Amino acid sequence: MGRTLQNTMINLGLQNACDEAVYQLGLDMEELEEIEEDAGLGNGGLGRLAACFLDSMATLGLAAYGYGIRYEYGIFNQKIRDGWQVEEADDWLRHGNPWEKARPEYMLPVHFYGRVEHSASGAKWIDTQVVLALPYDTPVPGYMNNTVNTMRLWSARAPNDFNLRDFNVGDYIQAVLDRNLAENISRVLYPNDNFFEGKELRLKQEYFVVAATLQDIIRRFKASKFGSTDSVRTVFDSFPDQVAIQLNDTHPAMAIPELMRIFVDIEKLPWDKAWDITKRTFAYTNHTVLPEALERWPVDLVEKLLPRHLQIIYEINQRHLDHIASLFPNDVERLRRMSLIEEGGTKRINMAHLCIVGSHAVNGVAKIHSEIVKTQVFEDFAALEPEKFQNKTNGITPRRWLLLCNPGLAELIAEKIGEDYVRDLSQLTKLHEFVDDDLFIREVAKVKQENKVKFALYLEKEYKVKINPSSMFDVHVKRIHEYKRQLMNCLHIITMYNRIRRDPAKLFVPRTVIIGGKAAPGYHMAKMIIKLINAVAQVVNNDPMVGSKLKVIFLENYRVSLAEKVIPATDLSEQISTAGTEASGTGNMKFMLNGALTIGTMDGANVEMAEEAGEENLFIFGMRVEDVTELDRKGYNAQLYYDRLPELKQAVDQIKSGFFSPKDPNLFNDVVNMLFHHDRFKVFADYEAYVKCQEKVSELYLNSKAWTKMVIRNIAAAGKFSSDRTIKEYARDIWHVEPSDLKIPPPNEPRDAGQDKTPNGTAA
């Protein structure tokens, strides 16, 4: 979520008043804002997307809740020591959190372990261990519409009789100390992005958030006028019309068997009715196609922790496979492929399959990704129910990612086209009228230059390096992962360095290359990539032959509040994943909206950015998905490219020989070995096209006016990438709710009884 103070002031229309009031107290608002900790409760794009969605849902007047875990320790703080990433605990609650309100009155029990007893009256899950879920509510204000929604985060608490109720005569002290075991559930965020780690504590976290949230939703449904009761029993027929639950990847997939357990075991609904309601309630968003990221939980772990849920999953699977067998008799191979249970070695539950079978809608997060989901990853399921599969291209909130982080540009745009674009970003197309307006061109360039000077000052303060603010700011910030190919950027840096040294007199367009992002603590290769970038920076930044022509900075501890600083100052945005690997990307959209040009592959939302702005207004290079598929078919041979391209050979040889690590010449052996022998992401295959494309970038940068005109065309085409547009599509195509642009009256005015903010009362 990042910081909350400035975002709240902007959405409430109070920023200028607060700035002025604080100034009159002899304080500086910006200095105050810097004191707030980031709430870093997610890993990368998926968590930030949820944050943007909350802002958009409130701004669109949807009655929507965001549910998650109140981690005591969020994503680690990254320190760089001697070029290596070192992790520190993110004790973000140390000074308290003024934005949250504990709600002990809504505390709920969550059960683990135990066993299942079957009887005539149905199944009973008994002898469980109980953990309490304590909700903390954070307000989510819409933009200037007097709507405030809720983000509800659950914290784990041990019940007061924990370890004391059972014949535990003796060790009272130990029993109280053991409360930590229960409360560890919400202690710390697992720091993996796009990688599955099948740990018991992680599964506990996933079930914890699901079980607490579903009880909360059902409590709210029963309390509403829709949860009508005949005698004692609640009638759940209208449940899917009143409740929509969106599963953000498979991490909350246990919600499907959990809702079935509630309906069948507790509310005593017949299976078929319960299953119909469940399917109509859930929808699933897929966020990645990387096989190592797909959740596959061992059956024996689920059996130990959630025995009843395993039985329910088996029953879901049995009925699912019976259905497929009736449509495709004797196709045992298809049954194996489509089963929720993977046999062979340790039996595992494929959570994505569970989500597809248990949802009425499945979506990818960019056109190209949704196509890959349909035709490759889940092709059997799409063949069965093509109407279930949709696309919802991701977006970003223009409040945080333009108004808040780039007020200069936001104001300049408002002067030209009015202020309405903040709620309707498609209005940015009006900027096309000004693409040849010399004054506007100069003003856009001036705002960018001011942002660069400000960020250069920040860098000089934090990193003690002199930055040339007129150099091209070439920025690559995102989680460190092989598929995102920070290594290819690194090879380009080395190539530029070698060209400067080969011919120091030749014209060279000066660059400041900024790379930032966290590596999962257990991801050896990602940590080696960080070390390599820092080793290269060490050499480049201290070579007098290079001077101010080329500087390399590794941005420490990349996070939302740092993104808000670097993105507005960026000239060139690096979006260079291997085609077919980045589901969407959202950083790409933030850069586009803030006046950077994109160098990128035809991957994720880059494809749609090129479609909106015109491919000639992005620097697109490299293999397309078809080319990657074809290269896989032929077999990728890295050696071929190394032998054919002298500059690539030189760069790789320098890494290999220890040119960048003279004290330990073999330091980067693992990296070089990977590039030659098991590079799934084919860095060498795109290197030549990438370097050539970078030459075109430098050439255009020399012509400031032509560059800025291309920037304006990009900003004018960024409207599609508002999360407001994304949420409207979810609302209409999946949740079946109507967004409302009614501004509800402020609390000091009497409310008109007829004015209801969601016409048909449905909550998402």
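This is a short walk through two sheet regions and one surface patch of the structure above.

Hi everyone, and thanks for coming. Please keep in mind that we are looking at a predicted model.

Let me begin with strand β8, residues 129-141. Is β8 mostly covered or mostly open? Mostly covered: 11 of its 13 residues are buried. Several strands pair with β8, so let's take them one by one. Strand β4, which is just residues 101-102, pairs with β8 in the antiparallel sense over 2 bridges. There you'll find Lys-101 standing opposite Asp-137 of β8. Next comes β5, residues 108-112, again antiparallel to β8, this time over 5 bridges. If you want a residue to click on, Leu-108 has Ala-133 in β8 as its bridge partner.

Then there is β9, residues 148-157. It runs antiparallel to β8, and 10 bridges join the two. One of the pairs to look at is Tyr-136, whose bridge partner in β9 is Leu-153. Strands β8 and β9 form a hairpin with 6 residues between them, and in that hairpin Met-144 takes a positive phi near 55°.

Now let's move along the chain to the parallel sheet. What is the strand order here? It goes β12-β13-β17-β18, four strands in an open sheet with parallel pairing. At the edges stand β12 (245-248) and β18 (389-391); each has a single partner strand, so one side of each is left without a neighbour in the sheet. On average, neighbouring strands are turned by 25° against each other, ignoring direction.

Inside that order, β13 (residues 282-285) and β17 (residues 361-364) pair in the parallel sense over 3 bridges. Have a look at Thr-285, which stands opposite Asn-363 in β17. Across β17 and β18 lies helix α15, residues 367-377, and this helix runs at about 165° to β18.

Last stop, the surface. Which residues make the nonpolar patch? They are Leu-164, Tyr-172, Ile-173, Val-176 and Leu-177, and together they give a patch of about 460 Å². Val-176 sits in helix α5, which spans residues 172-177. Its relative accessible area is 35%. Patch residues need over 30%, so Val-176 clears that cut-off while still counting as partly exposed.

That's my tour: a mostly covered β8 with its antiparallel partners, a parallel open sheet, and a nonpolar patch on the surface. Happy to rotate the model for anyone who'd like another look!

Note on methods
Residues are numbered from 1 along each chain as its sequence is written. This is a predicted model: local features need pLDDT of at least 70, side-chain atom pairs count only at pLDDT 80 or more; totals for chains, interfaces and linings use all residues. Side-chain values use heavy atoms; hydrogens and water are left out. Patches are made of residues with over 30% relative accessible area and no salt bridge: like charges are joined within 9 Å, nonpolar side chains (Val, Leu, Ile, Met, Phe, Trp, Tyr) within 5 Å. Accessible areas come from the Shrake-Rupley method with a 1.4 Å probe; for residues, only the protein chains shown count as cover. A salt bridge is a side-chain nitrogen of Lys or Arg within 4 Å of a carboxyl oxygen of Asp or Glu. Buried means under 20% relative accessible area, exposed over 50%, partly exposed in between (1.4 Å probe, protein chains only). Two strands pair if DSSP finds at least two bridges between them. Axes are lines fitted to C-alpha atoms, for helices over the stretch in contact, and angles run from 0 to 180 degrees between N-to-C directions. Contact means heavy atoms within 4.5 Å.
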